[in-house]
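Reader: I am in my first year and still learning how to look at a protein model. Could you take me through one part of this one slowly, and then show me what else is there?

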Amino acid sequence: MKVLVLGGTGEARQLAAALTELPGIEFVSSLAGRVRDPVLPVGPTRVGGFGGIGGLVRYLRTERVGAVVDATHPFAAVMTRHAERACLRLGLPLLVLRRPGWSGNWHRIASIGDAPGRITALVPDDSCVFLTTGRGELAVFATDARHRYLIRTVDPPQQPLPPRTDLLLDRGPYTVDGERDLMRAHQVALLVTKDSGGDLTSAKLAAAEQLGVPVLMVSRPPLPAGVAAVETVDAAVAWLRTVAGAASADG
Ligand code: NAP
């Protein structure tokens, strides 16, 4: 059985590594191609969008894919919706592999568009806001001249930035000590981040707690209704064993 792994995360790379050991499964990992210098998974990989739901349907048919694991980032909601629509259309089994979210005592917002208003309510003018929400939606902060920003992204942002910005290009993983030193050096008054989950980028939350810096957390977009989801690579492998077993019994 051929499996399409929608990737771009550490979990997708771990799944690809596990699948190289799994008899009866052929797989291909898919990356969007957004990051300049991506960490590639082991095994066959394709790069670039499919061209919407229709393009994905065509790809799945042409490549005779028998099952899809969506191991994209918890905030890659468009890809997840496209996978759900395409698999439904073709009657293909789909599993979402999504690491658990973080838990803590934070201010929460439903989407990044709500952030500028909440920042103004939470911290005084001229305070430093540490933004680690990725480079995709920075334009919503572009007109905020009231606050100073420390913005950290993997690749250089292509959107307009707030006038008073210190830009930091880095991809982690980060340590609590390093994050604390960084926040101290910039006198960070508020951390704005999104609920990505996982260990690679969680040090900033521990550092913020130690420093008493409040956190404004963007909640995850919900999964499409009815989609099967697991939180670990082992559970995804177990699901694939079951699906591959059922496919070979059928065929
Ligand atoms: P998105 O908004 O959900 O998807 C936008 C479009 O990008 C999709 O419609 C699709 O294009 C293409 N795409 C996304 N993931 C793809 C994949 N794995 N393989 C092929 N095409 C893909 O996605 P995003 O939030 O921009 O994230 C893009 C990639 O970066 C994802 O693979 C995700 O796992 C990774 N990533 C995202 C974040 C984040 O915060 N969003 C963080 C870390 C890593 P078509 O419609 O043309 O098929």
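Reader: In which kind of crossing, left-handed or right-handed, does α5 pass α6?

Author: Please keep in mind throughout that this is a predicted model. In that model, α5 passes α6 in a right-handed crossing. Helix α5 covers residues 176–185 and helix α6 covers residues 203–211, and the two pack with their axes 8 Å apart and at an angle of about 55°. Angles under 35 degrees count as roughly parallel and those of 65 to 115 as roughly perpendicular, with oblique used for what is left over once angles over 145 are also set aside, and α5 and α6 are therefore oblique to each other.

The residues that make this contact can be found one helix at a time. From α5 come Val 176, Glu 179, Arg 180, Met 183 and Arg 184, while α6 brings Ala 203, Lys 204, Ala 206, Ala 207, Ala 208, Gln 210 and Leu 211. Sorted by class, the contact of α5 with α6 consists of seven nonpolar residues, four charged ones and one polar one.

With the helix pair in view, you can turn to the sheet. It is an open sheet of six strands, paired in parallel, and its order reads β3-β2-β1-β4-β5-β12. The edge strands, each of which pairs on one side only, are β3 (45–47) and β12 (228–230). On average, and with direction ignored, neighbouring strands of this sheet are turned by 25° against each other.

A good strand to follow is β4, which spans residues 67–70 and is covered on both faces, since Ala 67 and Val 69 on one side are buried, as are Val 68 and Asp 70 on the other. Strand β1 (residues 2–6) pairs with β4 over four bridges in the parallel sense, and there Val 3 stands opposite Ala 67. Strand β5 (residues 94–97) runs parallel to β4 and is joined to it by three bridges, with Val 69 of β4 opposite Leu 95 of β5. From β5 the pairing goes on to β12, again parallel and over three bridges, and here Leu 95 stands opposite Ala 228.

Helices also lie against these strands. Helix α7 (residues 233–250) packs on the sheet, where it touches β1, β4, β5 and β12, and its direction makes about 170° with that of β4. Helix α2 (residues 52–62) lies across β1, β2 (26–31), β3 and β4, and runs at about 150° to β1.

Key
Residues are numbered from 1 along each chain as its sequence is written. This is a predicted model: local features need pLDDT of at least 70, side-chain atom pairs count only at pLDDT 80 or more; totals for chains, interfaces and linings use all residues. Side-chain values use heavy atoms; hydrogens and water are left out. Axes are lines fitted to C-alpha atoms, for helices over the stretch in contact, and angles run from 0 to 180 degrees between N-to-C directions. A crossing is left-handed if the near helix is turned anticlockwise from the far one by less than a right angle, and right-handed if clockwise. Contact means heavy atoms within 4.5 Å. Ala, Val, Leu, Ile, Met, Phe, Trp, Tyr, Cys and Pro count as nonpolar, Asp, Glu, Lys and Arg as charged, and the others, Gly among them, as polar. Buried means under 20% relative accessible area, exposed over 50%, partly exposed in between (1.4 Å probe, protein chains only). Two strands pair if DSSP finds at least two bridges between them.
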